[in-house]
Each structure stands twice: as C-alpha cells, then as structure tokens.
Amino acid sequence: MKMTQTDEQARMPYQLPMPAEAGRDIVVPHAIPEDDRVWVPQAENVWFRPLCLNVSQGYWVNLLKVRKAGVLTRHRHPNPVHGFVLKGRWHYLEHDWVAEEGGYVYEPPGETHTLVVPNDVEEMITLFQVNGIMYYVDPWGKHLGYEDVFTKVDLCRAHYEKVGLGRDFVQQFIR
C-alpha cells in the first residue's frame, strides 16, 4: 500500500496524544558515562552501568565493563539474552566463537556458559539485554546464586548512595 503525504506532513510530528498508559521513555545521552561513579561494581575489576531496569517485565539492559583478563562467573538464562560488543572481545568456554568489537550475540534460553576475557584485552564493554534471571552454577549445574532486575536495582541503590549520587539516582533507569 502506497502512502502519499506532502513533504511538510512527512516532517510533522505525530499530532494525537500518546496512550495514557504508555510508559516513559529513557534517553541516556552518555551511555558510556563521563562520571565513573555511575558504574556499579559487580566483582573485582567488573562493573555494570544500568540503562534500563524494567521491573514490570523482569529484564534489564546494561553495559558490562571488565578491566581484567580471566573468567567471569558461569551462569544460565531461562530467557533469551542479546549482546552487542562495544569494546574489546570475549568468548564462552562452551563455544568456539569469539564476540568481537562491533559484533552481536544472541544467547538462547536454557544455555549455560562461562564468559572469558582474553589476556591481551585491557578493557571489554558489552551492552547486554538480560531477560529474566542469571542463574549462577558450578560446572555440574549446582545452584550458586542468581541475579534479577530487583537485585540489580538493590546493587545500584547501595552503590549510588555510597558514592554520593544518592539512592534515588537509579530511579531514572527503572520502568
């Protein structure tokens, strides 16, 4: 179906009100922040930077930053995960591929994997959308812990209060 409109109409913003129930959008001008206090410590030399903490749908979008070579905690997901490598590279022990700068990764539900940053990578930053939980396990699948959007919010609140940004700094990312 061909739509016809004038150039003036094509450049005109939508003229009707948005649905009353529509949520607020999030715009993060500097996703890689200029203020290092925005990065929330997750482990030694590992931080995350929240972009969206969706408590109504149980997912989060964040940047993961690693400034060391080595193995991060083994985990599995009951839902899909999407990743986009912004800097550096990494791989999973369970696969033969490497996620490199500019690359996209889809992780299917049910997969268990162990993230490794190679020795020659000084810093890795990857944008992840995690749906549901990260379920931490040992090599034989024994439960070791978990993270979900609510534990992420709690980590953010505690960290932002500690570094002087205030507990409520995290509110801008919560939907």
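Is Phe84 buried, partly exposed or exposed, and at what relative accessibility? I looked this up before anything else, and at 36% relative accessibility Phe84 counts as partly exposed, keeping in mind that the model is a predicted one.

**Entry 1, the nonpolar patch.** I placed Phe84 in strand E6, and I then found it listed with Ile32, Leu86, Tyr104 and Tyr106 in a nonpolar patch on the surface, where the five together have about 480 Å² of accessible area. When I asked which elements give two or more residues to this patch, I noted strand E6 (81-87) and strand E9 (104-107).

**Entry 2, the hairpins around E2.** I followed strand E1 (residues 40-43) into E2 and counted three bridges between them, with the strands running antiparallel; Val40 has Phe48 as its bridge partner in E2. Two residues lie between the strands of this hairpin, and there I noted that Asn45 takes a positive phi near 65°. On going further, I saw that E2 also pairs with strand E3 (residues 59-66), again in the antiparallel sense and over eight bridges, and that Trp47 is matched with Lys65 in E3. The hairpin of E2 and E3 has four residues between its strands, and Gly58 in the turn shows a positive phi of about 75°. I also checked the cover of strand E2 (residues 46-54): eight of its nine residues are buried, so this strand is largely enclosed by the rest of the structure.

**Entry 3, helix H2 and His159.** I found His159 in helix H2 (residues 149-162), and with a relative accessible area of 12% it is buried. Its side chain reaches the backbone oxygen of Trp39 at 2.9 Å. Leaving aside residues up to four places away in sequence, I listed Arg37, Trp39, Val40 and Pro41 as the residues that His159 touches; one of these, Val40, is the residue I had already noted as the bridge partner of Phe48.

**Entry 4, the open sheet.** I traced an open sheet of four strands in the order E4-E11-E7-E8, with antiparallel pairing. Strand E4 (70-71) and strand E8 (98-100) stand at its edges with a single partner strand each, so one side of each has no neighbour in the sheet. Within this sheet I looked at strand E7 (residues 89-92), which three bridges join to E8 in the antiparallel sense, and I noted Val98 in E8 as the bridge partner of His91.

**Entry 5, the salt bridges.** How many salt bridges does the structure hold? I recorded seven, and among them is the one between Arg89 and Asp120, whose closest N and O atoms are 2.7 Å apart. Because Arg89 lies in strand E7 and Asp120 in the loop between strand E11 (115-117) and strand E12 (124-131), this pair ties together parts that are 31 residues apart in sequence. Arg89 is partly exposed at 26%, whereas Asp120, at 55% relative accessibility, counts as exposed.

I went on to Lys152 and Glu147, whose side chains meet in a salt bridge at 3.5 Å, N to O, and I noted that both residues are buried. In the salt bridge of Glu161 with Arg167, the closest N and O atoms are 3.9 Å apart; Glu161 is partly exposed at 47%, and Arg167 is partly exposed at 40%. My last note is that Arg67, Lys87 and Glu123 are linked in a network of salt bridges.

Methods:
Residues numbered from 1 in each chain as written. Predicted model: local features only at pLDDT ≥ 70, side-chain atom pairs only at ≥ 80, totals over all residues. Heavy atoms only, no water. Pairing = 2+ DSSP bridges. Patch = residues over 30% accessible without salt bridge, like charges linked within 9 Å, V, L, I, M, F, W, Y side chains within 5 Å. Areas by Shrake-Rupley, 256 points an atom, 1.4 Å probe, with all protein chains shown as cover. Salt bridge = Lys/Arg side-chain N within 4 Å of Asp/Glu carboxyl O. Buried < 20%, exposed > 50% of the residue type's maximum accessible area, 1.4 Å probe, protein only. Polar contact = N/O pair within 3.5 Å; in protein donor to acceptor, adjacent residues only side chain to side chain. Contact = heavy atoms within 4.5 Å.
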